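Colleague: I would like a close look at a single part of this model. Please walk me through it step by step.

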2 protein chains.
Amino acid sequence: MDRVSDASSRPVATGLDPRIAARLRRDRDGLVAAVVRQHRTGEVLMLAWMDDEALHRTLSTGRATYWSRSRRRHWVKGETSGHHQYVRSVALDCDGDAVLVSVDQVGPACHTGAGSCFHDQLLGDRG
Amino acid sequence: MDRVSDASSRPVATGLDPRIAARLRRDRDGLVAAVVRQHRTGEVLMLAWMDDEALHRTLSTGRATYWSRSRRRHWVKGETSGHHQYVRSVALDCDGDAVLVSVDQVGPACHTGAGSCFHDQLLGDRG
């Protein structure tokens, strides 16, 4: 069983496939980055965080599940907003510190109502 | 202007526009996630990390510049491989902990030679 220890109240054991868990390179908080894109269009919707348990739940339930760094708990995307994410594919990157999650996004991805969370343009054209 | 100090040898002062710096929500290591996509196709290429100085250099030079968590130094994408990234746009997300960088990628993005770093499929179909 994978043990995730520390004082942050995250789960200490998960059902994540140990072959996958062994390939993860987590940050000091036990997290990997999750890049979320719209399956049909490829649009990048948001960036969230996953610990082992969030990745396990995402893979096993098909519903995108993350770790909230501010609220310090798991959350299923859409659990309050209804803007669910149905998972179509998940891929790990070459150094194990990020996953790319392709989803069918129901409604806007961003809590602001925008389609994507990346709407604060710092350089260049929108889109 | 760049100071390199502290235990992690990250800069403590940068030329980053303070109005942008004020909107960043950094992790414990002072970093935000950088999602990198191919400008023309929208393909997600890689996930890297930026401190304030890396973001400043990316915005001011137009060459994608990151913070290497393993090597603990800045790197300009392509500086050794020749696989440069010419920056077309940069957008910050709604909670300030990630940027979306659209680039013209020269050659493969991944050090393995793959077009994208996300080639370890955990669920679903490739692509």
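**A histidine in a loop, and what lies beyond**

Modeller: Start with two side chains: His84(A) and Arg63(A) make a polar contact of 2.7 Å. Keep in mind that this model is predicted. Where does His84(A) sit? His84(A) belongs to the loop that links strand S6 (73-76) with strand S7 (85-92) of chain A. Look past its neighbours within four places in sequence. His84(A) is then in contact with Arg63(A), Lys77(A) and Gly78(A). Asp104(A), Gln105(A) and Val106(A) are in contact with His84(A) too.

Now turn to helix H2 of chain A, which spans residues 52-61. Which residues of this helix are buried? They are Asp52(A), Glu53(A), Ala54(A), Leu55(A), Thr58(A) and Leu59(A). Gly62(A) follows H2(A). The phi of Gly62(A) is positive, near 75°.

Next comes a sheet. Five strands make up this open sheet, and their pairing is mixed. Read the order as S9(A)-S7(B)-S8(B)-S3(B)-S4(B). Strand S9 (120-123) of chain A and strand S4 (44-50) of chain B each have a single partner strand, so one side of each has no neighbour in the sheet. These two strands stand at the edges. From one strand to the next, the twist averages 30°.

Finally, take one pair within this sheet. Strand S3 (residues 32-38) and strand S8 (residues 98-105), both of chain B, run parallel. How many bridges join them? Six bridges join S3 to S8. In this pairing, Gln38(B) stands opposite Val103(B), which lies in S8(B).

Notes:
Residues are numbered from 1 along each chain as its sequence is written. Chains are lettered from A and ligands numbered from 1 in the order in which they are written. This is a predicted model: local features need pLDDT of at least 70, side-chain atom pairs count only at pLDDT 80 or more; totals for chains, interfaces and linings use all residues. Side-chain values use heavy atoms; hydrogens and water are left out. Two strands pair if DSSP finds at least two bridges between them. Helices (H or I, at least four residues) and strands (E, at least two) are DSSP runs, numbered from the N terminus. Axes are lines fitted to C-alpha atoms, for helices over the stretch in contact, and angles run from 0 to 180 degrees between N-to-C directions. A polar contact is a pair of N or O atoms within 3.5 Å; within protein, one must be able to donate a hydrogen and the other to accept it, and residues adjacent in sequence count only if both atoms are side-chain atoms. Contact means heavy atoms within 4.5 Å. Buried means under 20% relative accessible area, exposed over 50%, partly exposed in between (1.4 Å probe, protein chains only).
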